[in-house]
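Q: I'd like a close look at one part of this model, namely its empty spaces. Please go step by step, and explain each term as you go.

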Amino acid sequence: MPRPIARVLTLLELLQSGGIRTTAGLAERLGVDERTVRRYIDHLLDLDVPVESVRGRHGGYRLAPGYRMPPLMLTDDEALAVLLGLLAARRAGLTTAMGTASETAAAKIRRVLPKRLAGRLDSVSDALAFTGPPGEAVPSDATVLLSITDAVRHRRPLAIRYTAADGRHSERTVHPYGVVAHAGKWYLTAADLTVDGDRTFRLDRITEIRTLPGSFEPPAGLDPAKRVLTALATAPYRHEVTLRVQGNAEEIDARLPAGVAVVRELSSSSGDADPEPERWCLVDLRVEQLDWLPAVLASLDMPFVIERPDELRGLVVEFAERLARSARRASTGGG
């Protein structure tokens, strides 16, 4: 595509994003001078695209209200980005309909693309491989997802009907803080006014939703992703594990699987005389099985003390002995 045509299409995309765009701002984004921007605007007008000129101190250009472009005027890079996004979402299990939404969306995109580009995108699908297994898909209702995210953005309370893991149904009134995607599932973190506390809800377990009048103010410094991971890490499981690990909290947290641990730094007992006191952290985990933890602790490569349970100590010793036996085993290969 000739560069001037590509820039005209980019100009149109910028105008479609909404608001008034100044000539100087458009020139900077397009990498041209202001005179060229005005020439590109004339090109759009020749194509019957209703670009309005807004005068005044904060003036510039905008599209006429209500104008809609024909669908899918995509460059090669944009089409590839859309397709890869659909593939990644399906692979991660982050779909809103069981196995169909991403496939039908990709099919619709291909139908309206030029044959040359559609063929190249099919080549990407056929040739692309992933190093990890597919995520476990737990689909959520698109209406629920869109309603909740709209309430988050506009800080509107919600009334929801929720089905817990044990099958119990309940009616809740919540202040939605944010929606988080984690391990193939969608989660809502919110203030649950029904029980007067913060809660995490799985979106696929929300069956009914209604926006309520009024608004709320979210807590300062809100981090929805951190809230969800903390809630998952502190949920009741079969085993409660407590460790003391030598190192700082940030390094330890980065080396542990997301959503399984709560890491807290312990105050130093070395006194102020030591310029570099040993730093230890308390790590709490809630897990269903203990057999995978020895390998994780080994990968930390940091000194640690197992506070509980005693069963984990035995598993770590057995794991270390298996590694030692394998390391001492002589090679039988020739060479």
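A: Let's start with the walls of the second largest pocket: sorted by class, its lining has 9 nonpolar, 2 polar and 3 charged residues. Nonpolar here covers Ala, Val, Leu, Ile, Met, Phe, Trp, Tyr, Cys and Pro, charged covers Asp, Glu, Lys and Arg, and polar covers the others, Gly among them. On a 1 Å grid over the protein atoms alone, a pocket is an open set of points with protein on both sides within 12 Å along at least five of seven lines, a cavity is a set where a 1.4 Å probe fits but cannot get out, and lining residues have an atom within 4 Å of a point.

Before going on, keep in mind that this is a predicted model: local features need pLDDT of at least 70, and side-chain atom pairs count only at pLDDT 80 or more, while totals for chains, interfaces and linings use all residues. Residues are numbered from 1 along each chain as its sequence is written, and side-chain values use heavy atoms, with hydrogens and water left out.

Back to the second largest pocket, which holds about 300 Å³ of space (the volume filled by probe spheres set on the grid points, which are joined across faces, edges and corners). Its lining has 14 residues, and closest to the centre are Lys226, Thr230, Asp253, Ala261 and Val263. Three elements give two or more residues to this lining: α8, α9 (249-255) and β9 (261-265). Those labels come from DSSP runs numbered from the N terminus: helices are H or I with at least four residues, and strands are E with at least two.

Stay with strand β9 for a moment, as valine 262 sits in it. Skipping its neighbours within four places in sequence, valine 262 is in contact (heavy atoms within 4.5 Å) with Thr230, Ala233, Thr234, Leu282, Val283 and Asp284. Its C-alpha atom is 6.6 Å from that of leucine 285, although 23 residues separate the two along the chain.

Now turn to the largest pocket, at about 730 Å³. Here 30 residues make up the lining, and Tyr187, Arg202, Leu232, Ala235 and Tyr237 lie nearest the centre. At least two lining residues come from each of β4 (169-182), β5 (185-192), β6 (197-202), α8 (224-233) and β10 (280-287). Helix α8, then, contributes to the linings of both pockets. The residue classes in the largest pocket come to 14 nonpolar, 7 polar and 9 charged.

What about enclosed space? Searching the whole structure turns up 1 cavity of 30 Å³ or more, and the largest cavity has a volume of about 30 Å³. Its lining is formed by Ala79, Val82, Leu83, Ala106, Ile109, Arg110 and Leu121. Helices α4 and α5 (101-112) each supply at least two of those residues. In class terms, this lining has 6 nonpolar, no polar and 1 charged.

Helix α4 leads us on to how helices pack. Helix α4 (residues 76-92) packs against helix α6 (residues 115-127) at an angle of about 35°, and the axes are 11 Å apart. An axis is a line fitted to C-alpha atoms, for helices over the stretch in contact, and angles between N-to-C directions run from 0 to 180 degrees. From α4 the contact uses Asp76, Ala79, Leu80, Leu83, Leu84 and Leu87, and from α6 it uses Arg116, Leu117, Arg120, Leu121, Val124 and Ser125. These contact residues divide into 8 nonpolar, 1 polar and 3 charged. Ala79, Leu83 and Leu121 take part in this contact and also line the cavity.

For another helix pair, look further along the chain. The axes of α10 (residues 293-300) and α11 (residues 310-328) come within 9 Å and cross at roughly 70°. So α10 is roughly perpendicular to α11 (that label covers 65 to 115 degrees; under 35 is roughly parallel, over 145 roughly antiparallel, and the rest oblique). Leu293, Pro294, Ala295, Leu297 and Ala298 of α10 meet Leu312, Leu315, Val316 and Phe319 of α11. By class, that contact has 9 nonpolar, no polar and no charged residues.

One last stop: proline 309 is in the loop between β11 (304-308) and α11. The peptide bond joining arginine 308 to proline 309 is cis, with omega about -5°.
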